[in-house]
Structures are given as C-alpha cells and as structure tokens.
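Fancy a few exercises on aromatic rings? Grab your viewer and work through the tasks below, each with its solution.

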Amino acid sequence: MELKTYTSEQHHIRHHHIDPQALTVLKKLQEAGHTAYLVGGGVRDLLLNKKPKDFDISTSALPEEVKKIFRNCLLIGRRFRLAHVRFGKQIVEVSTFRSGDPTEDELIVRDNIWGTPEEDVLRRDFTINGLFYNPLDHTIIDYVGGFEDLQKHTLRCIGDPYVRFKQDPVRMIRMQKFRARFGFNVQPEALEALAACRDEIRKSSPARVLEEILRMLESGASEDFFRLMVESKLLHILFPELATFFESSMGETLFHYLKGVDNMNTRGHYKLLDRSILTATLIFPILERSILDYPSPGPHLGQIMQMAYELIERLLFEPFHHFPRRLRLESHAIIALQYRLTPLGKRRQAKERVLRQKLFPLALTFLKLRSLVYAPLFKQYEFWKKAQKDALNQNSE
Ligand code: ATP
Ligand code: MG
C-alpha cells in the first residue's frame with residue numbers, strides 16, 4: 001500500500017478539537033527530537049466528528065526516553081510496554097512504534113519489538129484505526145487506505161482477516177463493536193474469516209474479552225452489538241446459555257432492555273450507567289420470565305433471590321470465571337431490591353428501610369430503565385424518586 005498524506009484542506013481536524021494535554025505531550029516529544037503522532041481511535045473519531053474517549057500517542061522514543069522527558073510518567077505493562085503520562089486524573093498513553101509480523105498466524109504473546117511508523121500501523125486491527133495525525137504540519141499520514149475507508153464507511157482489516165483473527169481473536173469482537181457503533185459495511189472476506197475463526201475466541205484472555213463486552217454495554221450501541229454477537233455466534237461460545245435466551249422467544253425483550261440502556265447511556269453522556277446495572281440488565285428479564293413460569297402461587301421473595309443468584313452464576317460466572325465479584329454481588333442486590341420497589345404482592349416494605357439500603361440509588365436507576373421498557377412503571381419510579389428526595393431533605397435539615 002502506498003503512503004498517502006492529507007493536508008488540513010482535505011480534513012477538518014483542528015487543534016481545538018484535541019485534548020490540550022495530548023498536544024503538550026506531542027510537542028515535548030517532538031522538541032526532544034523524536035517523531036510523535038496522534039494515532040488510533042482518537043484520529044478516527046475526530047475524522048468522524050465524534051468526541052474521542054482518549055487520545056493515544058505513538059512515538060519513536062523508547063519507554064525509558066519518554067520517562068526522562070516527563071516527570072509525571074509511569075511505565076506499565078509487560079506484554080505491551082507503555083508510558084502513562086499523568087495530568088491529575090487524566091492519563092495520556094504513549095507507546096513506542098512497534099513492529100510485528102503481520103503474516104504470522106500464531107497467537108501473539110509478546111509485543112515489544114520496536115519498529116518504524118509504517119510497521120506500527122501494520123500491526124493495528126482495522127484501516128480506520130491505522131491513521132496517524134502529525135500536529136506539527138497538520139497532516140494525516142495513511143499507510144493503509146484508512147482515510148478513504150472512513151469516507152466510504154467501510155470496515156476493513158489491515159492485512160488478511162483470517163491471519164489477523166488467528167493472531168488475536170479479540171479482533172473479531174472489535175469488528176462487531178465498530179460495526180455496531182458506526183453502522184459501517186464490512187469487507188466480505190472479514191465476515192468469512194470470522195465464520196472460520198470463531199472458535200479461536202476461546203484462546204483469548206478472558207479479561208480482555210470481558211472488558212470489550214462491558215465497554216460495549218456502556219457504548220450507547222449495545223443493542224446492535226449484541227445482535228451482531230448473536231448473529232455471528234460469538235456469544236454462543238462465550239456465554240452459551242445467555243445466547244440461547246437471546247435466540248428464544250424472549251430475545252426481543254432482552255434487546256428492548258438493551259435499547260433502554262443505550263438511551264440512558266447516550267443521553268447521560270459522561271455519566272455512564274454503573275456496570276452492575278448493565279450486568280443486571282442481562283439477567284432481570286430472564287428472571288421475570290422464570291417467575292411468570294413458576295407454578296402457582298408463584299415464588300416468594302426468598303425463592304426469587306435464590307433464582308436470581310442461580311441465573312447470575314449459570315449465565316455469567318460459570319462460563320466466565322473472571323466475572324468481577326463486585327459485579328456479581330451488586331447486580332444481585334440491584335435485582336433483589338426491585339422486588340421491594342415494585343412488590344409482587346400487596347404488602348409494601350417500610351419505605352425507610354428500603355431507602356436505607358446501600359444500593360438503593362443504583363436500584364432506583366434500574367427501575368428507571370425498567371420504566372423505559374414498560375411505561376406504567378414510571379409512576380413507581382417517580383414515587384421512589386420523590387421518597388429519596390424527601391429523605392435527603394430531611395437529613396440535611
Ligand atoms: P475505543 O473508542 O473503544 O477506545 P479504539 O480503537 O481507540 O476504540 P482501543 O482499545 O483504545 O480502541 O485501542 C487503541 C488502538 O490500538 C486502536 O485504535 C487500534 O489501532 C489498536 N488496537 C487495539 N486493539 C487492537 C488489537 N486487538 N489488534 C490490533 N490493534 C489494536
Ligand atoms: Mg481508544
């Protein structure tokens with residue numbers, strides 16, 4: 001692929017769109033005589049007119065050299081050594097240009113061989129994620145045709161999709177993530193490769209897989225993402241029983257809940273729903289169905305707690321032992337509290353006792369989500385919202 005550059009007349013990235021701290025890091029690296037570019041998702045999102053989540057930097061400076069330039073710098077990672085430059089709570093990630101053999105189809109285990117900017121791009125996943133931006137002369141540097149692919153709304157692997165998925169199967173999940181997020185078309189060879197390499201996902205680090213999935217639940221595009229994960233059968237490999245629920249008669253209900261999550265996440269922007277709420281979203285509709293199917297007169301509260309516990313274990317924890325303990329406990333508590341906020345029978349719990357529960361605020365947010373799925377619940381939500389406000393006012397008096 002030939003190198004193409006695009007000047008500021010051909011793209012609309014302006015420096016006030018870029019995080020000032022990332023610009024400072026780029027400037028200092030270049031003043032010290034190194035090459036340094038903005039890279040990856042940040043450049044892609046700027047070109048798509050979206051606000052980037054993070055700004056990553058690629059440089060010719062070695063991690064130790066980066067550390068010498070910035071006092072507030074920490075070197076992290078062994079498999080993938082990186083420099084984190086800190087500005088208060090914010091971190092700018094700086095990685096040294098790396099090379100890797102893009103034709104090698106073994107699973108990658110180490111990734112610390114330094115290389116040229118071109119080599120660095122060739123080991124990235126998709127062409128739209130392989131663009132550099134040089135702030136010095138305002139140019140986009142494109143070794144892989146990513147600029148045109150962005151304009152054509154095409155998702156294309158860098159290199160042979162089959163080889164790239166074998167090297168790192170998490171890329172298959174990332175492909176579904178970018179399809180869901182941007183609604184792009186995908187090159188047909190990548191879909192064929194996914195069908196052939198699907199099972200390899202088992203070889204990936206569970207922590208990375210889980211992180212990509214949880215991030216997608218937070219993304220505002222979780223409904224489409226889960227549709228693609230079900231359609232491609234990746235979900236069947238990772239969470240087999242959950243996948244069968246998605247394919248059953250209640251699949252649309254689950255998607256409906258995810259749509260509610262997407263609505264809340266995109267409206268709230270910076271205030272993402274807590275991950276325990278997102279996990280609860282996958283379990284609660286299934287629990288509700290089991291309660292309906294329970295022999296008359298239906299389960300009592302203790303049995304419902306037990307059913308919720310077992311569903312979380314079976315659907316999420318058994319296939320994925322890395323499921324964080326906090327998420328398991330808190331999503332269970334959020335679900336359990338729903339039956340005190342909206343009791344099945346006539347008996348109401350003492351309001352004060354419910355309000356005192358540690359996870360009441362999260363349970364209330366979950367009730368709001370339920371009211372997006374089933375509008376008559378909105379009254380209940382407002383009742384508890386008011387109760388919460390009154391209690392807060394009383395405490396501050
Ligand atoms: P997001 O907006 O979700 O952060 P992103 O593309 O920035 O999307 P990151 O996980 O932040 O994703 O990764 C940053 C960059 O690193 C990517 O844009 C891509 O160039 C590269 N990258 C990430 N994961 C992989 C992978 N599995 N294989 C190859 N390159 C990758
Ligand atoms: Mg990113």
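**Exercise 1.** Find out which ring the charged end of Arg98 sits over, and do likewise for Arg328.

*Solution.* Keep in mind that this is a predicted model. Start with Arg98: its charged end sits over the ring of Phe80, 3.7 Å from the ring centre. Then move to Arg328, where the charged end is over the ring of Phe317 at 3.6 Å from the centre. For a charge to count as sitting over a ring, CZ of Arg has to be within 6 Å of the ring centre and within 35 degrees of the ring normal.

**Exercise 2.** Classify the pair formed by Phe97 and Phe132, then place both residues in the chain.

*Solution.* Searching the whole structure turns up 17 aromatic pairs. In this one, the ring centres are 5.9 Å apart and the planes meet at 70°; planes over 60 degrees apart count as edge-to-face, so that's the label here. Next, the placement: Phe97 is in the loop between strand S6 and helix H4, while Phe132 is in strand S7, so the pair ties together parts 35 residues apart in sequence. Finally, check exposure: both Phe97 and Phe132 are buried.

**Exercise 3.** Do the same job for Phe284 and Tyr339.

*Solution.* Geometry first: 6.1 Å centre to centre and 40° between the planes, a tilted pair. Now the location: Phe284 belongs to helix H14 and Tyr339 to helix H16, so to speak distant parts of the chain, 55 residues apart. Phe284 and Tyr339 are both buried.

**Exercise 4.** Which residues do ring pairs link into a cluster?

*Solution.* Follow the ring pairs and you get Phe126, Phe178, Phe182 and Phe184.

Methods. Residues numbered from 1 in each chain as written. Chains lettered and ligands numbered in written order. Predicted model: local features only at pLDDT ≥ 70, side-chain atom pairs only at ≥ 80, totals over all residues. Heavy atoms only, no water. Phe/Tyr/Trp six-rings, centres within 6.5 Å; stacked < 30°, edge-to-face > 60°. Helix = DSSP H or I, 4+ residues; strand = E, 2+ residues; numbered from the N terminus. Buried < 20%, exposed > 50% of the residue type's maximum accessible area, 1.4 Å probe, protein only.
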